[in-house]
Amino acid sequence: PGKGTLGIEIPHDHPCTIPMQSVAGSEDFQNTAMKLPMALGMDVDGKPMLMDLAKAPHILIGGATGQGKSSLIHTLITSLLLKKKPDELKFVIIDSKRTEYAIYETLCNHFMTGFPGDGKHIITDTDKAVQVLECLCQEMDVRYDLLKKSGCRNINEYNAKIKNGDLVNFMPYIVLVVDDYADMMLSRGKDVELPLCRIAQLARAVGIHAIIATQRPTTNIITGTIK
């Protein structure tokens, strides 16, 4: 831009995998002012590519089996874990595959929220997943009531008053991760779609963000309402 030349990007003859450490260890990632920074890779100039989930505010990942959807989600989760403390961020993970995200159970006392009573924090049952989504909607409504009472418009203004000593209940970010959304839609349909639509429409201001992956981003799975 601004020059009398035309630039053409050509794929490298010998592409290589970019390790997570090369992005997470960069100064751009270490010193970023983003609220929820996520490492995506590097651009053509070798500079780290970062994205703020707080501004996204939700992510839909589509692709066939083996294309790297779960690998991308692991990268996004790792990025957030590297930058946020347990009192600043909580995860709600719904894993239809049952084993893909089991490694995060060790973080259950710090970063995880889950279904009460059974001791497990990674949600693998569709019926429990529906209840968890409904609970997230209730949490969203409670947070909006807190914003209304405190005279704040969003989570950033609310937490700023916490730091100044004007309020007492800190409001952490909540990241909802859903792997294989199609499986949930095929089994429960509207029971899944309705609470997720509410979260997608309203939850950004109160710090709740969704990362959803599906093998089938077709119209019967990703409906017009969700889009």
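At what angle do the axes of helix α4 (residues 126–150) and helix α6 (residues 181–188) cross? In this predicted model, the two axes come within 10 Å and cross at roughly 95°. Since angles of 65 to 115 degrees count as roughly perpendicular, α4 and α6 are therefore roughly perpendicular to each other. On the α4 side, the contact is made by Thr 126, Asp 127, Ala 129, Val 130 and Leu 133; α6 contributes Asp 183, Met 184, Ser 187 and Arg 188. By class, the contact of α4 with α6 has 4 nonpolar, 2 polar and 3 charged residues.

The report now turns to strand β6. This strand spans residues 173–179, and 7 of the 7 residues are buried, so β6 is largely enclosed by the rest of the structure. In a regular strand the side chains alternate between the two faces of the sheet. In β6, Tyr 173, Val 175, Val 177 and Asp 179 point one way, while Ile 174, Leu 176 and Val 178 point the other way. Residues of both groups are buried, Asp 179 among them.

Strand β6 pairs with β4 and with β7, as tabulated below.

| Strand paired with β6 | Sense | Bridges |
|---|---|---|
| β4 (residues 89–95) | parallel | 7 bridges |
| β7 (residues 208–214) | parallel | 5 bridges |

Individual residues can be placed within these pairings. Val 178 of β6 is the bridge partner of Ile 94. Val 175 stands opposite His 209 in β7. Val 178 and Val 175 belong to the two opposite-pointing groups of β6, and both are buried.

Conventions:
Residues are numbered from 1 along each chain as its sequence is written. This is a predicted model: local features need pLDDT of at least 70, side-chain atom pairs count only at pLDDT 80 or more; totals for chains, interfaces and linings use all residues. Side-chain values use heavy atoms; hydrogens and water are left out. Buried means under 20% relative accessible area, exposed over 50%, partly exposed in between (1.4 Å probe, protein chains only). Helices (H or I, at least four residues) and strands (E, at least two) are DSSP runs, numbered from the N terminus. Two strands pair if DSSP finds at least two bridges between them. Axes are lines fitted to C-alpha atoms, for helices over the stretch in contact, and angles run from 0 to 180 degrees between N-to-C directions. Angles under 35 degrees count as roughly parallel, over 145 as roughly antiparallel, 65 to 115 as roughly perpendicular and the rest as oblique. Contact means heavy atoms within 4.5 Å. Ala, Val, Leu, Ile, Met, Phe, Trp, Tyr, Cys and Pro count as nonpolar, Asp, Glu, Lys and Arg as charged, and the others, Gly among them, as polar.
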